[in-house]
Amino acid sequence: MPSGTSSCFIFGDSFQLYPMQNRLSARWIPSFLATILTTSLVYAQQTVIPIETEQNALVLQTDASKRLGISYFGTRLQQPGEYALVGRESRQKDENSGISNSAYTPSGSWNLFEPAIRVTHADGNTSLELQYQSHQTQKVDENVTLTTVLLKDPAYAVEVSLYYKTYRRENVVEQWSTIRNKEKGTLTLNKYASANLYFTGQSFHLTHYHGGWAHEMNPETTELKAGILTLDSKLGTRANLFQPPSFMLSFDEIATEETGKVLLGTLGWSGNFRIDFENDTYNNLRLIAGINPHASEYPLASGQEFQTPSFIYTFSDHGKGEASRNLHRWARKYRILDGEGSRLTLLNNWEATYFDFDEQKLTGLFADGKKLGVDLFLLDDGWFGNKYPRNGDNAGLGDWKENVKKLPHGIGYLVKEAQKAGVKFGIWIEPEMVNPKSELYEKHPDWVIKQPERPEHYFRNQLVLDLSNPKVQDFVFGVLDDLFTKNPDLAFIKWDCNAVIYNAHSEYLKNSKQADSRLYVDYVKGLYKVLERVRAKYPKVPMMLCSGGGGRVDYEALKYFTEFWPSDNTDPLERVFMQWEYSYFFPTIAHCDHVTDWGKQPLKFRTDVAMMGKLGYDIVVSKLDEKELEFSKQSVETYKKISDLVWHGDLYRLANPRENDYASLQFVNEKKSRSVWFTYMVSSRYGVGTGRSVLLKGLDPAKKYAIKELNLYPGTKSAITSDAVYTGDYLMRVGFNPVANGNRTSVIIELTEVN
Ligand code: GLA
């Protein structure tokens, strides 16, 4: 019985598999008795733990020394009894090869590979061995199962529990571990990974990402040869900027949208991470993912335990498209706050005014928002600070009181005025940060992360507050609580985080064990404590997770946020590429895509690109000419009609902008009765365009669809032939030409089932 289908706890000790006996009928036993006896003696000592989803399996198996290894990873086998046989296929000879499949590799004993865990015991000893004790499988509901495996060191009182939470229909596994110190003194955690996986294959191809401010999510695909490839980040306040903790791993050949074996993985941790891929001479690939151990030794007092963040992954043997749709379904249903709900369209004033605004200007913008037809006006940076007014990015951060010159009647007045104009009101904050030129800095220098003996080093003229300190946590919570208490109608928060941690030192932690090295971890834990409090009191208010460079997106933070800001770069041409890559890991309901003045593309292109995510505007509406305004109003209306598809539909990527002159992608609803299809030119070379049809995907071959172009610019006519009705079969085999070209650089088409 596979543990994934049990309806109660199964204790490992009572779950021994005897595969040879299982497979052979009684009739055969006499002639094979000798073989069976020998084989079953070996297998009788082994415990096999299949962790299955609808399509996949990860199988854990103990060896004769009670070490836990991974014997199988991939598409699930039809006969679970055969999982126990897989390990026998390996004929690798050297001393270390048989143990490279460890499910959680300890350090300082038999292991010669990169460890998942490294500790220093209370007595200073640095060795660790982990032996299987028991496991249990708990069915959380009809779709979710949690398997827990307990490992213990036979010599020292240290325990590790490995957790594997499976989401059966979505084929997603969430994996984490807990380390328990049962020694008398303090245990130091030197390394404490969330997940340790093991794969075999002919070859491995890793797609990972690099970037910087305004050029995030650039993919790089590389074959993993022998050695270690590490993805990591040491930014402190967030994961992304130079490298996000998200990747795709293809097995045997590079997966396409439709074909190939591929794992999509990402770490749910809003701080320093490290993901190692270690390949040996036999092509045994080991993956170790977790918090970055760099400068992060963590003390664990006697009796305490440490829970690592989750590593989240999905595997498909039908390519990246299916894998990402699985991840999206999981994220919407189980992870992103209000992931299956709706979102607010908005007008933001950042690029329209920067710091230069007052009440009069803002109330004018509320009216503009109403004119456009958006749901909400979002007041950005610059509304606070009195002794040090926030008129630029060099002062005022930390002083969260309305600037009396700009806003003499306060936020409350603005909320009311916005409502009078017919839009909701939202506000920008960056509560984890401080400018040295601020009253907060003057009052609480000990709340700031900095090295007392070194000059301050700034990122955007600011420093980071020490969230390991409960008083700072209270302060940050208080910023939001104060805003909401005074303005209960506040409808949206943009929570920004622009600086990274330099000079990591905490005045608060300075007298504790591993004072500075625990700061990176305690910062993120402190952040989560604040977010827990915010959500306990204000469970529903939509919040955008923003970070000027690199976004700040990961699946732990998204428990508290409804959406994220992918990049400050809103040039739509750049965004086609960036949004494409983000879309592998995060569903589009969470992508904040705004129409701005970045780039040289026409307004229609800018708008159509923002419409493939959560639509917002950051433009001076009053500067739009008549046609532009008419078009924008119409776009907001059109968006409201298709947003259900963009937010909740299945995403199919049809043409990759890196391989074509255009990008094309499509969202299909669950019933396959409606679809919206976006095509964007990414080349402006002579004569380029969709010369041929584009093959659609995800439709029902038997259904018939009417085709209609949406969001035409006023005064233009559609170039597509929409007089016929097509079967899904035709559209997916022959395709349809959206007629994108130099004159029609973006095309949105709606497909609707007709009976
Ligand atoms: C960051 C954000 C921007 C804007 C500014 C305000 O850069 O990404 O959208 O809010 O901060 O200072």
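The following dialogue explains how to read helix packing, salt bridges and a loop residue in a predicted model.

User: What is a suitable starting point for reading how charged side chains pair?

Analyst: Side chains of opposite charge can pair when their charged atoms come close. In this predicted model, a search of the whole structure yields 50 salt bridges.

User: Which residue forms a salt bridge with Glu52, and how far apart are the N and O atoms?

Analyst: The partner of Glu52 is Arg76, at 3.5 Å from N to O. Glu52 belongs to strand β1 (residues 48-52), while Arg76 sits in the loop between β3 (68-75) and β4 (117-120), so the bridge ties together parts that are 24 residues apart in sequence.

User: Are Glu52 and Arg76 buried or exposed?

Analyst: The relative accessible area must be compared with the cut-offs: under 20% is buried, over 50% is exposed, and values in between are partly exposed. Glu52 has 4% and is therefore buried. Arg76 has 30% and is therefore partly exposed.

User: Where in the chain do Glu305 and Arg180 lie?

Analyst: These two side chains meet in a salt bridge with an N to O distance of 2.9 Å. The pair links distant parts of the chain, since Glu305 is in strand β18 (residues 305-307) and Arg180 is in strand β8 (residues 172-181), 125 residues apart. Glu305 is partly exposed, with a relative accessible area of 47%, whereas Arg180 is buried, at 15%.

User: How should one read the salt bridge of Lys225?

Analyst: Lys225 pairs with Glu223, and their closest N and O atoms are 3.6 Å apart. With a relative accessibility of 56%, Lys225 counts as exposed; Glu223, at 37%, is partly exposed. Elsewhere, salt bridges with shared partners join Lys152, Glu159, Arg180, Lys182 and Glu305 into one network.

User: What does the angle between helices α10 and α11 show?

Analyst: An angle between axes is read against cut-offs, and under 35 degrees counts as roughly parallel. Helix α10 (residues 572-585) and helix α11 (residues 603-610) pack at about 20°, with axes 9 Å apart. The two helices are therefore roughly parallel to each other. The crossing of α10 past α11 is left-handed.

User: Which residues of α10 and α11 meet?

Analyst: From α10 come Pro572, Leu573, Arg575, Val576 and Gln579, and from α11 come Phe605, Arg606 and Val609. Sorted by class, this contact has five nonpolar, one polar and two charged residues.

User: How do α3 and α10 cross?

Analyst: The axes of helix α3 (residues 319-335) and α10 come within 7 Å and cross at roughly 65°. Angles of 65 to 115 degrees count as roughly perpendicular, and α3 and α10 are therefore roughly perpendicular to each other. Lys320, Ser324, Leu327 and His328 of α3 make the contact with Ser583, Tyr584 and Phe585 of α10. The residues of this contact divide into three nonpolar, three polar and one charged.

User: How may a single loop residue such as His215 be described?

Analyst: One may ask for its place in the chain, its exposure and its contacts. His215 lies in the loop between β10 (204-210) and β11 (218-223). His215 is partly exposed, with a relative accessible area of 43%. Apart from neighbours within four places in sequence, the contacts of His215 are His210 and Met578. His215 and Gly549 are separated by 334 residues in sequence, yet their C-alpha atoms are 8.5 Å apart in space.

Conventions. Residues are numbered from 1 along each chain as its sequence is written. This is a predicted model: local features need pLDDT of at least 70, side-chain atom pairs count only at pLDDT 80 or more; totals for chains, interfaces and linings use all residues. Side-chain values use heavy atoms; hydrogens and water are left out. Axes are lines fitted to C-alpha atoms, for helices over the stretch in contact, and angles run from 0 to 180 degrees between N-to-C directions. Helices (H or I, at least four residues) and strands (E, at least two) are DSSP runs, numbered from the N terminus. Angles under 35 degrees count as roughly parallel, over 145 as roughly antiparallel, 65 to 115 as roughly perpendicular and the rest as oblique. A crossing is left-handed if the near helix is turned anticlockwise from the far one by less than a right angle, and right-handed if clockwise. Contact means heavy atoms within 4.5 Å. Ala, Val, Leu, Ile, Met, Phe, Trp, Tyr, Cys and Pro count as nonpolar, Asp, Glu, Lys and Arg as charged, and the others, Gly among them, as polar. Buried means under 20% relative accessible area, exposed over 50%, partly exposed in between (1.4 Å probe, protein chains only). A salt bridge is a side-chain nitrogen of Lys or Arg within 4 Å of a carboxyl oxygen of Asp or Glu.
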